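Trainee: Hi! Could you walk me through the aromatic side chains in this one?
Mentor: Happy to, let's pull it up.

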Amino acid sequence: MKKISSLKISISGVRGIIGESLTPQLAAAFAQAFGTYIGGGPVIVGQDARPSGTMLKQAVISGLLAVGCQPVDVGICPIPSFLFLTKESKSSGGIAVTASHNPKEWNGMKFISRDGLYLTPHQTEEFLDIYHQGEFYFVEPERYKGLKTESNPAEPHLKKLLSYFDVDRIRGKKFKVAVDCSNGAGAVLAPRLLEALGCEPIFIHCLPDGAFAHDPEPLPENIVEICRTVREGKADVGFVQDADADRLAVVSEKGELLGEESTLALAAQYVLGKTPGPVVCNLSTTQAIDDIAGRFGAPVVRTKIGEINVVERILAMEPRPAIGGEGNGGVIVPDIHPCRDSFAAMCVILEYMAASGKRVSALQKSLPQYFMIKEKVSGSAEQAYRLINLLRKKYEGKGRIELLDGLKVRMNDHWIHVRPSNTEPIIRVIAEAKSREKAKAAIRRLKREISALQRKI
Ligand code: MG
């Protein structure tokens with residue numbers, strides 16, 4: 001196997017390991033290219049809470065100033081609030097310095113259009129052309145803009161959430177809510193949102209210092225503490241946000257983690273109950289979504305992995321779907337803003353609890369039960385595609401093959417999905433079945449097949 005560079009340039013933006021593949025010089029160059037691409041104007045610049053954020057953000061600001069943009073530094077800001085602000089403030093675009101759930105050695109940049117959306121694959125291509133050509137537009141000295149700051153960047157997002165959801169109904173319940181902000185950007189808004197919803201919050205890891213008390217990916221092994229907090233504090237529900245606050249995991253009142261696939265399933269079950277209509281989600285999202293949508297006679301539209309793919313499909317549909325998202329805890333309420341939003345997800349779950357009068361464990365039981373196992377093996381995108389080609393031949397005739405993104409095979413009682421990650425040099429390997437044993441057996445078999453094939457390529 002050849003050495004894999006840690007720099008990833010994809011539709012999800014740029015990510016790399018600080019000092020190894022991602023440097024301030026590189027960040028400034030990307031910002032210059034972006035400023036050139038959008039043709040100047042105000043650009044919202046923010047960061048998540050990881051320690052290298054300020055260093056990288058200053059480089060981004062320099063790059064933007066050099067090409068005549070007006071950077072607006074919003075400091076640490078949750079990504080859904082950041083996207084909402086970019087649109088609401090009528091800016092030319094935004095650059096968010098973040099590496100989402102990657103470990104703290106990583107950082108990156110996400111590039112955002114004037115609509116408050118991530119660049120589409122087509123826009124990314126145009127922007128990267130400018131970057132690779134290195135022909136940036138430098139302004140004359142007298143046309144340099146100063147730096148602006150915005151100290152309350154989440155305010156417009158908060159207002160929108162409070163005007164959309166049934167605040168009185170939630171307030172009436174005085175829910176006790178435990179929240180783990182993963183020492184991330186979610187801590188900027190979560191306390192104010194829960195206060196406005198009349199909840200009694202218990203916070204852990206809510207200092208947005210990027211110290212990452214646990215690995216910021218909301219997986220079961222990282223979430224032991226919140227479960228204990230819910231039990232000991234007798235909370236009605238527990239929430240875990242990832243470091244940039246676009247994804248949400250839910251813990252029941254019994255202190256049991258629901259599994260990240262349940263977040264969208266719960267949200268879809270509630271929203272479709274109110275307003276039946278299509279659901280848009282990615283190919284790896286739980287089969288439970290199809291079962292839930294089926295109960296309401298609603299179609300499910302599946303897309304490639306990557307938030308922008310789900311969002312693009314949502315925006316292309318008329319009437320606009322009431323709910324969409326990704327199974328990894330990424331809920332999209334298009335009427336709020338077409339992006340994954342852990343705050344909107346919290347509001348949906350709290351409203352569901354209030355409207356149904358049911359506890360979270362009971363709501364969880366009412367969902368179709370599936371077990372998903374997500375694993376990863378190391379390998380570049382190129383290795384992944386060679387592997388997928390070989391696997392496809394192996395699975396021909398054994399199930400329904402989908403090649404929209406990697407290889408997904410739906411068999412009678414389970415499905416498998418193998419695809420290269422958009423953000424890291426790894427190959428994602430997923431299986432889902434009606435029982436844990438079946439899912440485990442499927443993933444074991446698949447990984448055995450993969451390691452046998454990897455020896456050949
Ligand atoms: Mg994230």
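Mentor: We'll go through the ring pairs, then the charges over rings, bearing in mind that this is a predicted model.

Trainee: Cool. How many aromatic pairs are there in the whole structure?
Mentor: The search turns up nine. Take Phe30 and Tyr131: their ring centres are 3.8 Å apart and the planes meet at 5°, so this pair is stacked.

Trainee: Where do Phe30 and Tyr131 sit in the chain?
Mentor: In distant parts of it, 101 residues apart. Phe30 belongs to helix α1 (residues 24-38), and Tyr131 to helix α4 (residues 121-133).

Trainee: And is Phe30 buried or exposed?
Mentor: Buried, because its relative accessibility is 0%. Tyr131 has 15%, so it counts as buried too, the cut-off being under 20%.

Trainee: Which residues are in the cluster linked by ring pairs?
Mentor: Phe30, Phe34, Tyr37, Phe111, Phe127 and Tyr131.

Trainee: Okay, switching spots. What about Tyr270 and Tyr352?
Mentor: They make a stacked pair, with 5.0 Å between centres and 25° between planes. This pair also links distant parts of the chain, since Tyr270 lies in helix α9 (residues 261-274) and Tyr352 in helix α12 (residues 342-356), 82 residues apart. Tyr270 is buried at 10% relative accessible area, and Tyr352 is buried at 10%.

Trainee: Last thing: which ring does the charged end of Lys408 sit over?
Mentor: The ring of Trp415, at 4.3 Å from its centre. Lys398 has its charged end over the ring of Tyr395, 5.4 Å from that ring's centre.

Technical notes. Residues are numbered from 1 along each chain as its sequence is written. This is a predicted model: local features need pLDDT of at least 70, side-chain atom pairs count only at pLDDT 80 or more; totals for chains, interfaces and linings use all residues. Side-chain values use heavy atoms; hydrogens and water are left out. Rings of Phe, Tyr and Trp (its six-membered ring) pair if their centres lie within 6.5 Å; planes under 30 degrees apart count as stacked, over 60 as edge-to-face and the rest as tilted. Helices (H or I, at least four residues) and strands (E, at least two) are DSSP runs, numbered from the N terminus. Buried means under 20% relative accessible area, exposed over 50%, partly exposed in between (1.4 Å probe, protein chains only). A charge sits over a ring if NZ of Lys or CZ of Arg is within 6 Å of the ring centre and within 35 degrees of the ring normal.
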